[in-house]
Amino acid sequence: MLDSILQAVFSGLALGSIYALVAVGFNITFNTTKTLNFGQGEFLVAGAFVAVSALLLLAGKNITDSLLPADVSLWRYVLSLVGTMAVLALLGLLLYYAAVRPFVGRGGMAWVMSTIGFGIIIQNTALAIWGPAPLVMPSPLGSEVLRIGNAGVLPQEVLVLVCSVAVLLALDYVMRHTRIGKAVRAVAQSGSAATLMGINVTAIVVLAFVISSSLAGLAGLLIAPITTASVFMGMTLALKAFSSAILGGLTSPRGCMLGGFVLGLIEALVGLWQAEMREISIFLLIIVVLVVRPQGLLGQKIVEKV
């Protein structure tokens with residue numbers, strides 16, 4: 001039983017790190033523009049499929065072919081990572097100028113429908129190119145199970161956890177200890193005050209969407225070898241990532257990270273007991289948090305300006 005719990009903890013931490021990456025993306029755009037990309041799940045899908053396509057091209061194949069383990073070496077995986085994040089950064093740029101900027105500062109919720117619509121366009125484009133069948137993406141570290149005691153851990157789960165934690169720690173450092181991070185936090189506090197201080201608010205907001213989209217793309221690339229790349233996987237992952245942000249605190253980057261790991265652990269451990277209860281337990285927890293502490297575990301109360 002102890003071995004099963006240990007295995008569930010490793011799987012939960014790996015899954016939670018994916019939730020944390022996407023949740024921090026929600027946090028960055030919300031803090032800078034008070035809007036959210038409700039098509040974030042489809043950006044994760046785009047990241048997975050762009051990564052698969054990049055690996056196929058590097059192996060000299062067509063983007064609609066199948067990947068074999070021999071096609072996925074570590075250097076190709078790294079190159080596909082760079083290419084995926086670059087493509088998703090451009091998609092984030094397009095999202096901001098096409099679906100968010102026209103509605104920022106206006107009343108109403110038009111940006112909600114525009115971001116959802118943008119996500120639907122991405123999903124249907126993926127369907128048109130790759131079709132509805134999921135694509136298998138082998139791990140660059142192979143599929144041989146690593147043994148920790150009697151518990152088995154997939155090499156990809158270790159890679160997911162290490163890469164995600166490294167990116168999250170690096171992002172946390174940049175946000176707290178560099179000029180550009182301080183500029184992002186200044187815009188989050190007050191865009192008008194940041195402008196008076198000489199900060200290019202538009203550039204910071206664009207950067208926020210670029211980072212958010214890139215994080216979703218990275219999450220898609222990392223999770224694809226575990227779940228396969230499917231055009232329908234984005235909604236569930238994004239919903240759980242958003243739940244992580246609510247749990248930890250949508251206004252707090254560290255809260256979003258914490259929420260992701262907590263949710264991943266809860267999902268894995270409850271699934272060990274009864275798989276059907278995983279989603280029920282997660283969303284019951286979110287409801288309780290919204291009632292008891294609406295700002296989340298580490299979030300700050302949002303004060304409406306009158």
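Where does Thr228 lie? The legends below start there and then move through other close-ups of this predicted model.

**View 1. Thr228, a loop residue with a positive phi.** Thr228 sits in the loop between helix 8 and helix 9. Its phi is near 75°, a positive value in a residue that isn't glycine. Most residues other than glycine have a negative phi. As for exposure, Thr228 comes out as partly exposed, at 27% relative accessibility.

**View 2. Lys34, in the loop between helix 1 and helix 2.** Here's another non-glycine residue with a positive phi, this time near 60°. The loop holding Lys34 runs between helix 1 and helix 2, the latter spanning 40-58. With a relative accessible area of 42%, Lys34 is partly exposed.

**View 3. Thr32, a buried residue of helix 1.** Thr32 belongs to helix 1, residues 2-33. Thr32 counts as buried because its relative accessibility is 10%, and the cut-off for buried is under 20%. Its side chain reaches back to the backbone oxygen of Ile28, at 2.9 Å. Setting aside neighbours within four places in sequence, Thr32 is in contact with Val184, Val187, Val205 and Ala208.

**View 4. Ile28 and the largest nonpolar core.** Ile28, whose backbone oxygen appeared in the Thr32 view, is part of a core of 83 residues. Along with Val24, Phe43, Met137 and Leu222, Ile28 touches the most other members. Helix 8 (residues 201-227) puts in the largest share of this core, 16 residues. Beyond its neighbours within four places in sequence, Ile28 is in contact with Leu171, Met175, Ala208, Ile211 and Leu215.

**View 5. Helix 9 packing with helix 11.** Helix 9 (residues 234-248) and helix 11 (residues 278-292) pack at an angle of about 35°, and their axes are 10 Å apart. The crossing is left-handed. On the helix 9 side, the contact is made by Leu239, Lys240, Ser243, Ile246 and Leu247. Helix 11 brings Glu279, Ile282, Phe283, Leu285, Ile286, Val289 and Leu290. Sorted by class, that's nine nonpolar residues, one polar and two charged.

**View 6. Leu272 of helix 10 and its contacts.** Leu272 is found in helix 10, residues 253-273. Not counting residues up to four places away in sequence, Leu272 touches Ser4, Ile5 and Ala8. Leu272 is partly exposed, with a relative accessible area of 37%. For a sense of scale, the C-alpha atoms of Leu272 and Asn62 are separated by 40 Å, and the two residues are 210 residues apart along the chain.

Definitions and conventions
Residues numbered from 1 in each chain as written. Predicted model: local features only at pLDDT ≥ 70, side-chain atom pairs only at ≥ 80, totals over all residues. Heavy atoms only, no water. Axes fitted to C-alpha atoms, helices over the stretch in contact; angles between N-to-C directions. Helix = DSSP H or I, 4+ residues; strand = E, 2+ residues; numbered from the N terminus. Left-handed = near helix turned anticlockwise from the far one by under 90°. Contact = heavy atoms within 4.5 Å. Nonpolar A, V, L, I, M, F, W, Y, C, P; charged D, E, K, R; others polar. Buried < 20%, exposed > 50% of the residue type's maximum accessible area, 1.4 Å probe, protein only. Core = buried A, V, L, I, M, F, W, Y, C linked by side-chain atoms within 4.5 Å. Polar contact = N/O pair within 3.5 Å; in protein donor to acceptor, adjacent residues only side chain to side chain.
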